[in-house]
Amino acid sequence: MTFIEKLQNRWNESQSLLCVGLDPDVNRFPAHLKDQPDRIYAFCTAIVDATAPFACAFKPQIAYFASCGAEDELQAIIAYIHQNHPSIPVVLDSKRGDIGSTAKHYAREAYERYGADAVTLSPYMGFDSVEPYLEYEDRGAILLCRTSNPGGNDIQMLMAGDKPIYQHVAALASGPWNKNGQLGLVVGATYPNEISEVRKIVGDMPLLVPGIGAQGGDIHACVNAGITANGTGMMINSSRAILYASQQEDFTEAAARVAQDTMTKINQARGL
């Protein structure tokens, strides 16, 4: 089963478009976990179990693991998801982007070492920096297009010919670059107008949509802008609002409540 097929199955099975981000910050962990040697693994797997009923995908952010030397924990957490929640795809958020020879190793890292179903990439070095990921035909590659941070304006909104650069990225991703139908795009919830423009360009291509929750993106606006005709097409990510809903021993119950509430709000915007 390819990443796209797995994601579509999960959308249908879970009736959810919520992607739960895994951004472990030890300083925000409950006190009873902070001194455990396996605290990152324990925290993340507990969050996974608590939120899995409400998630269409999980998105671990590699920097939160690598900065504290927890790459082995990241590998173990992804393996845990595959073993215990095998229908839920894992998107490794690493935003890699480098020349082809280096990209081959980044692709091996994401897909072989960590076992991710998909990975986020920066497309700004061109197709030869994306192509090595496409050799893994059952996996996905999700390209940065219109990101949720304010600084995205610096480059993504520059006009190139008759349209901004982010629209050129969308056209390439949905056209000549998408050789095996593996690609998706990152478009921030904080820019619903741009989500709508991207959707017009790319058809039913999956969109990873960060920016709700702590970043303040409007759920109703982003769903209306990005939903496909069959009511799916989006992985709407929330990380900190779910992970740190409580810093007490009830952190898993609090995370589950926020995840369920977020899924419900997304589904209300979908008309469900």
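**Notebook: a loop, a core, a helix pair and two odd phi values**

I started at Thr-228, which is found in the loop between helix 11 (219–226) and strand 10 (234–238). A reminder to myself: this is a predicted model.

Is Thr-228 buried or exposed? I looked up its relative accessible area and found 7%, so Thr-228 is buried, the cut-off being under 20%. Next I listed its neighbours, leaving out residues up to four places away in sequence. Thr-228 touches Arg-199, Gly-203, Asp-204 and Gly-233.

**Entry two: the core**

I then turned to the largest nonpolar core, which has 90 residues. Which of them have the most contacts inside it? My list reads Phe-43, Phe-58, Leu-183, Leu-185, Val-198, Cys-222 and Met-235. A pleasant background thought here: in soluble globular proteins, nonpolar side chains tend to be buried together.

I picked Cys-222 from that list for a closer look. With residues up to four places away in sequence set aside, Cys-222 touches Ala-189, Pro-192, Ile-195, Val-209, Ile-212, Met-234 and Ile-236.

**Entry three: helix 3 and helix 13**

Phe-43, another of the core residues with the most contacts, took me to a helix pair. Two packed helices are described by the angle between their axes and the distance between the axes, and I noted both. The axes of helix 3 (residues 39–51) and helix 13 (residues 251–270) come within 8 Å, and they cross at roughly 45 degrees. Helix 3 is therefore oblique to helix 13. I also checked the hand of the crossing of these two helices, and it is right-handed.

Which residues make the contact? From helix 3 I wrote down Phe-43, Ala-46, Ile-47, Ala-50 and Thr-51. From helix 13 come Phe-251, Thr-252, Ala-255, Ala-256 and Ala-259. Sorted by kind, the residues of this contact are eight nonpolar and two polar, with no charged ones.

**Entry four: positive phi**

Last, I looked at backbone angles. Most residues other than glycine have a negative phi, so I was curious about two that do not follow suit.

Gln-15 has a positive phi, near 50 degrees, and is not a glycine. Where does Gln-15 lie? I found it in the loop between helix 1 (3–14) and strand 1 (18–22). Its relative accessibility is 37%, so I put Gln-15 down as partly exposed.

Lys-95, also not a glycine, has a positive phi of about 50 degrees. This residue lies in strand 3 (residues 91–96). With a relative accessible area of 40%, Lys-95 goes into my notes as partly exposed.

Notes. Residues are numbered from 1 along each chain as its sequence is written. This is a predicted model: local features need pLDDT of at least 70, side-chain atom pairs count only at pLDDT 80 or more; totals for chains, interfaces and linings use all residues. Side-chain values use heavy atoms; hydrogens and water are left out. Axes are lines fitted to C-alpha atoms, for helices over the stretch in contact, and angles run from 0 to 180 degrees between N-to-C directions. Helices (H or I, at least four residues) and strands (E, at least two) are DSSP runs, numbered from the N terminus. Angles under 35 degrees count as roughly parallel, over 145 as roughly antiparallel, 65 to 115 as roughly perpendicular and the rest as oblique. A crossing is left-handed if the near helix is turned anticlockwise from the far one by less than a right angle, and right-handed if clockwise. Contact means heavy atoms within 4.5 Å. Ala, Val, Leu, Ile, Met, Phe, Trp, Tyr, Cys and Pro count as nonpolar, Asp, Glu, Lys and Arg as charged, and the others, Gly among them, as polar. Buried means under 20% relative accessible area, exposed over 50%, partly exposed in between (1.4 Å probe, protein chains only). A nonpolar core is a set of buried Ala, Val, Leu, Ile, Met, Phe, Trp, Tyr and Cys residues joined through side-chain atoms within 4.5 Å.
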